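Student: Could you take me through the salt bridges of this protein, one pair at a time? I would like the cut-offs along with the values.

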Amino acid sequence: MLDAVADGLIEATGELLVLVSVWIDSSASDETAVRVASRDAVRKAIGICVEGRDPVAAARIVAERDTLTNPFYSGS
């Protein structure tokens, strides 16, 4: 969050509520790597929310939506 504020993406006001949920693999053992990856992921997510997704990347994801998989979910 603070990186997004420092970068000028969002303002630290009493009128903005941001909910953040970061999944961390329970087998992760490098606390520094987890911290860095989590920080980078939050900053990237806020950037996409504020600035929008690259239209080409969004179109590719939409086109591939029926073939995308998640390694943590095998249901239907």
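Tutor: Happy to; here is a walk through the charged pairs and where they sit. This is a predicted model, in which local features need pLDDT of at least 70 and side-chain atom pairs count only at pLDDT 80 or more, while totals for chains, interfaces and linings use all residues. Residues are numbered from 1 along each chain as its sequence is written, and side-chain values use heavy atoms, with hydrogens and water left out.

The protein has three helices and zero strands (DSSP runs of H or I with at least four residues, or of E with at least two, numbered from the N terminus). Searching the whole structure gives three salt bridges, each a side-chain nitrogen of Lys or Arg within 4 Å of a carboxyl oxygen of Asp or Glu.

Let's start with Asp3 and Arg39, whose closest N and O atoms are 2.5 Å apart. Asp3 belongs to helix α1 (residues 2–6) and Arg39 to helix α2 (residues 31–51), so this pair ties together parts 36 residues apart in sequence. Asp3 is partly exposed at 21% relative accessible area (buried is under 20%, exposed over 50%, partly exposed in between, with a 1.4 Å probe and protein chains only). Arg39 is also partly exposed, at 41%.

Next, Asp7 and Arg43 form a salt bridge at 2.7 Å, N to O. Asp7 sits in the loop between α1 and α2 and Arg43 in helix α2, so they too link parts 36 residues apart in sequence. Arg43 is partly exposed at 23%.

Finally, Arg60 pairs with Glu64 at 3.7 Å between the closest N and O atoms. Arg60 is partly exposed at 47%, and Glu64 is partly exposed at 31%.
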